[in-house]
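Here are some exercises to work through with the model open beside you. Try each task before you read its solution.

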Amino acid sequence: QVHLVESGGGLVQTGGSLRLSCAVSGRTFSSKTMGWFRQAPGKEREFVAAIKWNGPKTNYADSVKGRFTISRDNAKNAVYLQMNSLKPEDTAVYYCAAGAPQIDGLSDGYDYWGQGTQVTVSS
C-alpha cells in the first residue's frame, strides 16, 4: 500500500510563490510516475505536472509550463511542486498521485492519491 501526504498549500497573493511537498510511504516500486493534479470549484480535475522516479522525463500542462517546476528526491521519497508567478486561476485543491499511467495527464492511470492541499491565490 502506498500513502501520499501533501503539504505546503496556503494563501498567497497574485505573483507569489508556494512550494508543495508530497511525502510518499509504503512500497512504490510499481508506481513509476508521480503526478500533480488540481481541482477548482466547478471544474474537472486537471493535470498539472508529472515526473518519473527514474530517468529525466517531466511533463507539464500548458497552463503552468514556465511557472511551475516538478522535482523529486528519491532518498527522501518526496516529490515537490514549485509554483511561481501564481495567478488566481491557479486556485484549487492540489493532489499528488502515484501510478504507472500510459498517459501522464490522465488521472485514471494513477492508483494512489493524497488527500489534497488547498492553494488559494488572491489579488
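**Exercise 1. Classify Glu-46 by its relative accessibility, then describe its salt bridge.**

Step 1. Glu-46 has 32% relative accessibility, so it counts as partly exposed; buried means under 20% relative accessible area, exposed over 50%, and partly exposed in between (1.4 Å probe, protein chains only).

Step 2. Before going on, note that this is a predicted model, in which local features need pLDDT of at least 70 and side-chain atom pairs count only at pLDDT 80 or more, while totals for chains, interfaces and linings use all residues. Residues are numbered from 1 along each chain as its sequence is written, and side-chain values use heavy atoms, with hydrogens and water left out.

Step 3. A salt bridge here is a side-chain nitrogen of Lys or Arg within 4 Å of a carboxyl oxygen of Asp or Glu. Glu-46 makes one with Arg-38, at 2.6 Å from N to O.

Step 4. Now check the partner: Arg-38 is at 4% relative accessibility and therefore counts as buried.

**Exercise 2. Follow the salt bridges outward: which residues are linked with Arg-38 in a network?**

Step 1. Arg-38 also meets the side chain of Asp-90 in a salt bridge of 2.9 Å, N to O. This pair links distant parts of the chain, 52 residues apart: Arg-38 belongs to strand S4, and Asp-90 to the loop between strand S8 (78-83) and strand S9 (92-99). Strands are DSSP runs (E, at least two residues), numbered from the N terminus.

Step 2. Both Arg-38 and Asp-90 are buried.

Step 3. The network of salt bridges comprises Arg-38, Glu-46, Arg-67 and Asp-90.

Step 4. The model has four salt bridges by this rule. One of them joins Lys-52 to Asp-104, with the closest N and O atoms 3.0 Å apart. Lys-52 lies in strand S5 and Asp-104 in the loop between S9 and strand S10 (110-113), so this pair ties together parts that are 52 residues apart in sequence. Asp-104 is buried, with a relative accessible area of 15%.

**Exercise 3. Place strand S5 among its pairing partners: how many bridges does S5 form with S4?**

Step 1. Two strands pair if DSSP finds at least two bridges between them. Strand S4 (residues 33-39) pairs with S5 in the antiparallel sense over six bridges, and Arg-38 stands opposite Glu-46 in S5.

Step 2. S4 and S5 form a hairpin with six residues between them, and Gly-42 in the turn has a positive phi of about 80°.

Step 3. S5 also pairs with strand S6 (residues 58-60), antiparallel over three bridges. There, Ile-51 has Thr-58 as its bridge partner. This hairpin has five residues between its strands, and Gly-55 in the turn has a positive phi of about 95°.

Step 4. Five of the seven residues of S5 (residues 46-52) are buried, so the strand is largely enclosed by the rest of the structure.

**Exercise 4. Find the strand order of the open four-stranded sheet, and its edges.**

Step 1. The order is S1-S3-S8-S7, with antiparallel pairing. S1 and S7 are the edge strands, each pairing on one side only.

Step 2. For one of these pairings, look at S7 and S8, which are antiparallel over six bridges; Phe-68 stands opposite Met-83 in S8.
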